[in-house]
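Biologist: Please take me closely through one part of this model, beginning with a single residue and then following its surroundings outwards. I would like each term explained where you first use it.

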Amino acid sequence: MSRETAINLVLALLLLAVPFIAMQLGKPFYVTLATRMAILGLAAIGLNIALGLGGLVSFGHAAFFGIGGYAAGILASHAFSGQPLDFGLFAVPGSKLMPVIWAVAILAGGLLAAAIGSISLRTSGVYFIMITLAFAQMTYYFAISWPAYGGEDGLSITIRNTFPGVNTLVPQNYFLICYALLVVGLVLFALLRDSRFGAALQASRQNEVRVASVGIAPFRIKLAAFVISGMITALAGALYADLNRFVSPSMLSWHMSGEFIVLIILGGVGRLCGPLAGAMLFVMFEYILGGLTERWQFFLGLLLLGVVLFARGGLIGLLAGRARHG
């Protein structure tokens, strides 16, 4: 077992242990913190496919995160009111079932990522960054101007959505659902990274001309990675909305996109558990320093600056050394 594999296992087991230790200590709030770590880690895994493997610095992933959240909120609100979603030619009933909501969120995130990616991936560098940011801001302002679903005030989820055979109102149960999906995301990332698709994606990041010269279309590879990335991030958005029982345009803001990038940089770009490590660090900083000062982001900025200057592999790179992939 390599050192990085051992570190990944320790991180995963540590997160799994937190809710059970918290309940033994009579600190149920820490279960919510652990759940938030798992959800943000899953969202960052989505971005890590595009950024860590494909070199696509996207400032628009909040659009996918937010559309997943709104999928959960809108379906839940229609299920609660009993009124179907009216699309003119046909109507669709709402739903409180998490698997149905996840499927809708993944589909919506994939379609939006395909639309954004088909345009933005024709550019590169700072132009790609700015176009993805522009698309995210368009979805943000659309949500603000959508009074049917709360507009600027957001949309409440009256009661957490359901999962067959599981009481999702129990914090530990909901954490385990989110943790299971986090593990699925990690496995998917590992499979993609070590596949021929992942090799082509990483090669496209380094030299598109050479990839094209052997008969592989870099645009198609990057678009497929961008769509998969958006689908995973949208799933995380649906989970986040259920955790807070609330969805708002803030989930679509550029601050959220920046937060995902910070998570990956803190943990390690392109590393398997880099997003998880970054999410754990971020949530701990927010909780510990946020209780001491309103300006806790200043200290987070200092940490991020230190990582960029002295530990470019993030926490995982600092502990495990250079990556063997990518």
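Modeller: Glu 4 touches Arg 271, Leu 272, Ile 316 and Ala 320, where touching, or contact, means heavy atoms within 4.5 Å, and residues up to four places away in sequence are not counted. This is a predicted model, in which local features need pLDDT of at least 70 and side-chain atom pairs count only at pLDDT 80 or more, while totals for chains, interfaces and linings use all residues. Residues are numbered from 1 along each chain as its sequence is written, and side-chain values use heavy atoms, with hydrogens and water left out.

Glu 4 has its place in helix 1; helices (H or I, at least four residues) and strands (E, at least two) are DSSP runs, numbered from the N terminus. With a relative accessible area of 15%, Glu 4 is buried, a word used for values under 20%, with exposed meaning over 50% and partly exposed lying in between (1.4 Å probe, protein chains only). Between the C-alpha atoms of Glu 4 and Val 227, which are 223 residues apart along the chain, the separation is 28 Å.

Further along, helix 1 also holds Leu 11, which counts as buried because its relative accessibility is 12%. Leaving aside neighbours within four places in sequence, Leu 11 is in contact with Cys 273, Leu 276, Ala 277, Met 280 and Ile 316. For Leu 11 and Cys 273, a distance of 262 residues along the chain goes with a C-alpha separation of 7.9 Å.

These residues lead to the packing of helix 1 (residues 3-24) with helix 11 (residues 274-290), whose axes are 10 Å apart at an angle of about 45 degrees; here axes are lines fitted to C-alpha atoms, for helices over the stretch in contact, and angles run from 0 to 180 degrees between N-to-C directions. Helix 1 is therefore oblique to helix 11, given that angles under 35 degrees count as roughly parallel, over 145 as roughly antiparallel, 65 to 115 as roughly perpendicular and the rest as oblique. The crossing of helix 1 and helix 11 is left-handed, that is, the near helix is turned anticlockwise from the far one by less than a right angle, whereas clockwise would be right-handed. Leu 11, Ala 12, Leu 14 and Leu 15 of helix 1 make this contact with Leu 276, Ala 277 and Met 280 of helix 11. By class, the contact of helix 1 with helix 11 has 7 nonpolar, no polar and no charged residues, where Ala, Val, Leu, Ile, Met, Phe, Trp, Tyr, Cys and Pro count as nonpolar, Asp, Glu, Lys and Arg as charged, and the others, Gly among them, as polar.

Leu 15 also belongs to the largest nonpolar core, which has 84 residues and in which Leu 15 and Leu 182 have the most contacts; such a core is a set of buried Ala, Val, Leu, Ile, Met, Phe, Trp, Tyr and Cys residues joined through side-chain atoms within 4.5 Å. Helix 2 (residues 29-53) gives the largest share of this core, 15 residues. Not counting neighbours within four places in sequence, Leu 182 is in contact with Leu 15, Ala 38, Gly 41, Leu 42, Ile 45 and Leu 276. Apart from this core lies another, of 12 residues, including Leu 56, Leu 112, Leu 121 and Val 227.

In helix 2 one also finds Thr 32, which is partly exposed, with a relative accessible area of 34%. Thr 32 and Tyr 174, at 142 residues apart in sequence, are 9.2 Å apart in space, C-alpha to C-alpha.

Tyr 174 brings us to helix 6 (residues 171-193), whose axis comes within 11 Å of that of helix 9 (residues 218-244) and crosses it at roughly 170 degrees. Helix 6 and helix 9 are therefore roughly antiparallel to each other. Tyr 174, Cys 178, Leu 181, Leu 188 and Leu 192 of helix 6 make the contact with Ile 228, Ile 232, Leu 235, Leu 239, Asp 242 and Leu 243 of helix 9. The residues of this contact divide into 10 nonpolar, no polar and 1 charged.

Helix 9 contains Ser 229 as well, which is buried at a relative accessible area of 0%. Beyond its neighbours within four places in sequence, Ser 229 is in contact with Gly 46, Leu 47, Ile 49, Ala 50 and His 61.
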